[in-house]
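User: I have a protein with a ligand to go through for class. Can you walk me through it?
Analyst: Yes, send it over and ask as you go.
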Amino acid sequence: MNLKYLIFIIILITGITLAEETKQKAVLVTGASSGIGLKVTEYLIKSGFYVYAGARKEEDLKRLDAMKNTTSVRLDVTVQSDIDAAVKFVQSQNRGLFGIVNNAGVGVFGKMSEVPDKDILWIHDVNVMGPHRVNRAFIPLLKESMGRTTIIGSISGYVTSAESGAYSMSKFAVEAYTESLADDLRETGIHVGIVDPGAYKSKIRAKVTMFNLTGSYDLNQELTEEQKKVLNAAKERNNKLKEPDEVAEAVIHLMTSDKPKLRYMVAPTIGAAEVTMKTTLGRVVQLNADQQFEYTRDELVAFLDELLKENSSEL
Ligand SMILES: NC(=O)c1ccc[n+]([C@@H]2O[C@H](COP(=O)([O-])OP(=O)(O)OC[C@H]3O[C@@H](n4cnc5c(N)ncnc54)[C@H](OP(=O)(O)O)[C@@H]3O)[C@@H](O)[C@H]2O)c1
């Protein structure tokens with residue numbers, strides 16, 4: 001074969017491959033090392049996205065790098081210099097950035113009246129300030145792509161209990177954050193939404209149990225026989241839960257649909273859905289009761305009909 005012709009063919013093939021690659025939309029997932037973040041990463045890859053997978057530990061970064069169409073990014077969402085480096089890295093890859101899945105999160109559980117300040121500050125640093133820092137840093141890239149950003153919230157952003165207050169505080173906060181940011185960015189073409197799962201299989205329960213037993217979230221610690229039993233019971237409870245496929249499907253809808261939603265509740269059981277809906281409506285009932293402009297039942301139902309109509313025309 002003529003050398004010039006061969007070079008031409010090579011350039012053509014390389015060009016086509018590069019063009020194919022640049023067509024892939026890129027999404028950053030924080031906390032991609034396990035649980036929901038890992039599942040979302042797998043679903044994004046299957047759906048044709050290129051994933052920047054945020055993780056903190058060397059072994060996780062390597063494992064994520066070995067996945068197809070994935071590049072790991074060292075990213076602790078409480079460390080601004082990690083976030084700044086991630087922005088520079090993503091910019092250097094020349095793919096732009098279409099989406100962000102703010103998934104990284106931690107849990108703190110214990111009697112609300114006794115939770116130490118430092119634990120409440122820590123959970124907000126990760127679960128609330130984390131998404132705020134990451135979104136703020138990447139918004140210029142999302143503006144260029146008219147992309148999408150989401151947070152993995154929780155039905156604990158609607159329902160709480162005596163022992164889940166610290167976690168709920170952080171998840172209630174990201175509900176307000178999401179609504180405000182969606183409003184703020186409406187004119188930019190960036191879509192902002194939140195995915196609110198119930199209980200799905202992940203490492204979060206083992207980590208929270210470890211934290212309660214030892215004061216550290218690290219799963220690789222020496223435990224007494226008694227402590228091991230407590231941790232194993234938490235792992236067993238976790239093993240009975242569903243894999244978070246439904247959560248990942250909601251993220252894919254948010255990233256791909258022509259009409260992405262503001263909120264996606266992903267309840268693993270009808271019971272979880274019912275508690276969330278009733279608690280939320282219960283708040284409306286409490287808010288309305290015994291106040292100067294109290295609405296009647298019929299007026300409330302009329303509001304509900306109006307909102308249902310608005311919502312269905314938006315979908
Ligand atoms: N599983 C559920 O039932 C459930 C229900 C509702 C909402 N959620 C939410 O789903 C999200 C994921 O949790 P999960 O259940 O999948 O738990 P998980 O398996 O423990 O995963 C949590 C992820 O967040 C990462 N992470 C923690 N702190 C971080 C930080 N400072 N910077 C960056 N990454 C950090 C972890 O990384 P390391 O491995 O480095 O620690 C891990 O990748 C959380 O926001 C959680 O609140 C979970």
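Analyst: One definition to start with: a residue is buried under 20% relative accessible area, exposed over 50%, and partly exposed in between. Glu243 has a relative accessible area of 40%, so Glu243 is partly exposed. Note also that this is a predicted model.

User: What does Glu243 form a salt bridge with?
Analyst: The partner is Lys201, and the closest N and O atoms of the two are 3.8 Å apart. This pair links distant parts of the chain, with the two positions 42 residues apart in numbering. Glu243 sits in the loop between α8 (225-239) and α9 (245-256), while Lys201 sits in the loop between β6 (191-197) and α7.

User: And is Lys201 buried, exposed or partly exposed? Which one?
Analyst: Lys201 is partly exposed, because its relative accessible area is 23% and the buried class stops under 20%.

User: Which residues are linked with those two in a network?
Analyst: The network of salt bridges links Lys39, Lys201, Glu243 and Asp245.

User: Why would side chains like that pair at all?
Analyst: Side chains of opposite charge can pair when their charged atoms come close.

User: How many salt bridges does the structure hold?
Analyst: The structure holds 17 salt bridges. One of them joins Asp119 and Lys118, with the closest N and O atoms 3.1 Å apart. Another is between the side chains of Asp183 and Arg186, at 3.0 Å from N to O.

User: Take Asp119 first. Buried or exposed?
Analyst: Asp119 counts as buried, at 10% relative accessibility. Its partner Lys118 counts as exposed, at 59%. In the other pair, Arg186 is exposed too, with a relative accessible area of 54%.

User: Switching to the ligand. Which residues come nearest?
Analyst: There are 31 residues around the ligand, and Ser33, Ser34, Tyr167, Ser202 and Arg205 come nearest.

User: What classes are in that shell?
Analyst: The shell has 13 nonpolar, eleven polar and seven charged residues.

User: Where do backbone atoms lie relative to the ligand's oxygen atoms?
Analyst: A backbone N or O atom of Ile36 lies 2.8 Å from a ligand oxygen. A polar backbone atom of Gly105 is 3.3 Å from an oxygen atom of the ligand. For Gly198, a polar backbone atom is 3.4 Å from a ligand oxygen.

User: How much of the ligand's accessible area does the protein cover?
Analyst: The ligand has 890 Å² of accessible area on its own, and the protein covers 96% of that.

User: Which elements give two or more residues to the shell?
Analyst: They are α2 (35-46), α6 (165-185) and α7 (204-214). Helix α7 gives the most, with three residues.

User: OK, zoom out. How many helices and strands does the chain have?
Analyst: The protein chain has eleven helices and seven strands. Its C-alpha atoms fill a box of roughly 85 × 60 × 35 Å, taken along the principal axes. Of its 315 residues, 43% count as buried.

User: Give me a buried one in a helix.
Analyst: Arg133 is found in helix α5 (residues 117-145). With a relative accessible area of 13%, Arg133 is under the 20% cut-off, so Arg133 is buried.

User: What does the side chain of Arg133 make a polar contact with?
Analyst: It is the side chain of Asp125, at 2.5 Å.

User: Anything else in α5?
Analyst: Ile139 lies in α5 as well. Ile139 counts as buried, at 14% relative accessibility. Ile139 and Thr149 are ten residues apart in sequence, and their C-alpha atoms are 9.1 Å apart in space.

User: Now the surface. Which residues form a nonpolar patch there?
Analyst: Phe293, Tyr295, Phe303 and Leu307 form the patch, with about 410 Å² of accessible area together. Phe303 lies in helix α11 (residues 297-314). Phe303 is partly exposed, with a relative accessible area of 36%.

User: And Leu300, where does that lie?
Analyst: Leu300 lies in helix α11 and is partly exposed, at 24% relative accessible area. Leu300 and Ser313 are 13 residues apart along the chain, with 20 Å separating their C-alpha atoms.

How values were computed:
Residues are numbered from 1 along each chain as its sequence is written. This is a predicted model: local features need pLDDT of at least 70, side-chain atom pairs count only at pLDDT 80 or more; totals for chains, interfaces and linings use all residues. Side-chain values use heavy atoms; hydrogens and water are left out. A residue is near a molecule or strand if one of its heavy atoms lies within 4 Å of it. A polar contact is a pair of N or O atoms within 3.5 Å; within protein, one must be able to donate a hydrogen and the other to accept it, and residues adjacent in sequence count only if both atoms are side-chain atoms. Accessible areas come from the Shrake-Rupley method with a 1.4 Å probe; for residues, only the protein chains shown count as cover. Helices (H or I, at least four residues) and strands (E, at least two) are DSSP runs, numbered from the N terminus. Ala, Val, Leu, Ile, Met, Phe, Trp, Tyr, Cys and Pro count as nonpolar, Asp, Glu, Lys and Arg as charged, and the others, Gly among them, as polar. Patches are made of residues with over 30% relative accessible area and no salt bridge: like charges are joined within 9 Å, nonpolar side chains (Val, Leu, Ile, Met, Phe, Trp, Tyr) within 5 Å. A salt bridge is a side-chain nitrogen of Lys or Arg within 4 Å of a carboxyl oxygen of Asp or Glu. Buried means under 20% relative accessible area, exposed over 50%, partly exposed in between (1.4 Å probe, protein chains only).
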